[in-house]
Amino acid sequence: MNNIHDTATILNNAISWAREAGHLQLEYFRGNNLNIESKFNDSDIVTVADKASEQIIINHIKNAYPAHAILSEEMGDNAITSDYRWIIDPLDGTTNFSNGLPLFSVSIALEYCGKAIIGVVYAPYLNELFYATKGGGAWLNGNKIATSRKNSLAHSVVATGFPVDKDRTNDNNLDNVTRVLPHVRGMRRLGSAAIDLCYVAAGFLDGYWEMNLHTWDVSAGRLIAEEAGAKCSLFRNDRNISIIAATPLIFDSLSSLLSNQPHSPQ
Ligand code: IPD
Ligand code: CA
Ligand code: CA
């Protein structure tokens, strides 16, 4: 069967669009024509490569699946109602990208009735292609992946991130960092939520949490992490999407150290 609506065909399409967008990003990477603009503040930026990548992916979706809904970071939503909705972060890790740091990715998910059924995350500089389908496992460059089997925080390397509104609130995750840091082998801030989730999937990280993210940051990566056996859940219902993902045997220890409440200044 090669119906354009079967899962394997949709996945292959999404992979080829992610690769095309990623290759375009490499043409701009470490160049002088990024045209960096601020959005919410100076920590929230967009470049010409974000916009051009988004255009590539959206054009392909409109051609292949014109009746599908689309939510994409820079463009917003396409005002189509459908059981199928594409969730796109055309360039996740723009701060890294704009500074010449190689951890950035293209993130594409397809939801059916509000649940992700396909997730693709491609980190072009690293040439790492992660993908998953609901119930079909998670893969890195064609090899099946699974979370690490760590069972203690003391042996774990975890990652986190800091919210873009850190200039106007001290509810900025530093309280969580202070609590978690003494208990873990190492803590990292990679700068691409999609890569963070995929690295939990592949066992390169044992856990990850971040608050104040958006659907496009996590939709594909969460499916990939869950299909690789990670436990994922949301916390803090007042800070957009706040997510914890970890290998199952450290999940409870990590989440017990994270606050469900806003941080109050002393
Ligand atoms: C950002 C990255 C980063 C996270 C930020 C996100 P963007 O996405 O995922 O790791 O800490 O909160 O906004 O803006 O580069 O697509
Ligand atoms: Ca993002
Ligand atoms: Ca982005």
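A residue is called buried here when its relative accessible area is under 20%. The structure is a predicted model, and the notion of burial recurs throughout the account that follows.

Cys 232 illustrates the definition: its relative accessibility is 10%, and therefore it counts as buried. Cys 198, at 0% relative accessibility, counts as buried too. The two cysteines are not bonded to each other, because their sulfur atoms are 11 Å apart, too far for a bond. A disulfide would require the two sulfur atoms to lie within 2.5 Å, and by this rule the model contains zero disulfides. For Cys 198, the sulfur of Cys 232 is the nearest cysteine sulfur, and Cys 198 is in no disulfide.

Cys 232 also leads into the sheet, since it stands opposite Ala 245 in strand E15. That sheet is open and consists of five strands in the order E12-E11-E13-E15-E14, with mixed pairing. Its edges are formed by strand E12 (186-188) and strand E14, each of which pairs on one side only. From one strand to the next, the twist averages 15 degrees.

The strands of a sheet are held in register by a general principle: they pair through backbone hydrogen bonds, in either a parallel or an antiparallel sense. Strand E15 has an antiparallel partner in E13, with five bridges between them. Within that pairing, Trp 209 has Ile 244 of E15 as its bridge partner. Strand E14 (residues 231-235) likewise pairs with E15 in the antiparallel sense over five bridges, and here Lys 231 is matched with Ala 246 of E15. Five residues separate the strands in the hairpin of E14 and E15, where Arg 236 takes a positive phi near 50 degrees.

How many residues of E15 are buried? Six of the six are, so the strand is largely enclosed by the rest of the structure. The burial applies to both faces of the strand: Ile 241, Ile 243 and Ala 245 point one way, Ser 242, Ile 244 and Ala 246 point the other way, and all are buried. Helices contribute to the surroundings of this region. Helix H7 (residues 248-257) lies across E13, E14 and E15 and runs at about 135 degrees to E15.

The interior can next be considered through its nonpolar cores. The largest has 37 residues, among which Val 121, Phe 130, Ile 145, Tyr 208, Leu 213 and Ile 224 touch the most other members. The elements that give two or more residues to this core include strand E7 (115-123), strand E8 (128-133), helix H5 (193-202), strand E13 (207-213), helix H6 (215-227) and strand E15 (241-246). Helix H5 supplies the largest share, nine residues. Ile 145 shows how such a core residue is surrounded: leaving aside neighbours within four places in sequence, its contacts include Phe 130, Trp 139, Leu 140, Ala 201, Ile 224 and Ala 228. A second, separate core of 22 residues includes Ala 21, Ile 70, Ile 88 and Tyr 122.

The remaining part of the account concerns two calcium ions. The calcium ion (ligand 2) is coordinated at 2.1 to 2.2 Å by side-chain oxygens (OD) of Asp 89, Asp 92 and Asp 217. Along the sequence, these donor residues are spaced D-x2-D-x124-D. Asp 92 lies in strand E5 and Asp 217 in helix H6, so the pair ties together parts that are 125 residues apart in sequence. Both Asp 92 and Asp 217 are buried.

The calcium ion (ligand 3) is coordinated by Glu 73 (OE), Asp 89 (OD) and Leu 91 (O), at 2.2 to 2.4 Å. Its donors follow the spacing E-x15-D-x1-L along the chain. Glu 73 belongs to the loop between strand E3 (69-72) and strand E4 (76-77), whereas Leu 91 is in strand E5 (residues 84-92); the two are 18 residues apart. Leu 91 has a relative accessible area of 1% and is therefore buried.

Which residue coordinates both the calcium ion (ligand 2) and the calcium ion (ligand 3)? Asp 89 does so, and the two ions lie 3.8 Å apart.

Definitions and conventions. Residues numbered from 1 in each chain as written. Chains lettered and ligands numbered in written order. Predicted model: local features only at pLDDT ≥ 70, side-chain atom pairs only at ≥ 80, totals over all residues. Heavy atoms only, no water. Donors = N, O, S within 2.8 Å, 3.2 Å for Na, K, Ca; no water. Helix = DSSP H or I, 4+ residues; strand = E, 2+ residues; numbered from the N terminus. Buried < 20%, exposed > 50% of the residue type's maximum accessible area, 1.4 Å probe, protein only. Core = buried A, V, L, I, M, F, W, Y, C linked by side-chain atoms within 4.5 Å. Contact = heavy atoms within 4.5 Å. Pairing = 2+ DSSP bridges. Axes fitted to C-alpha atoms, helices over the stretch in contact; angles between N-to-C directions.
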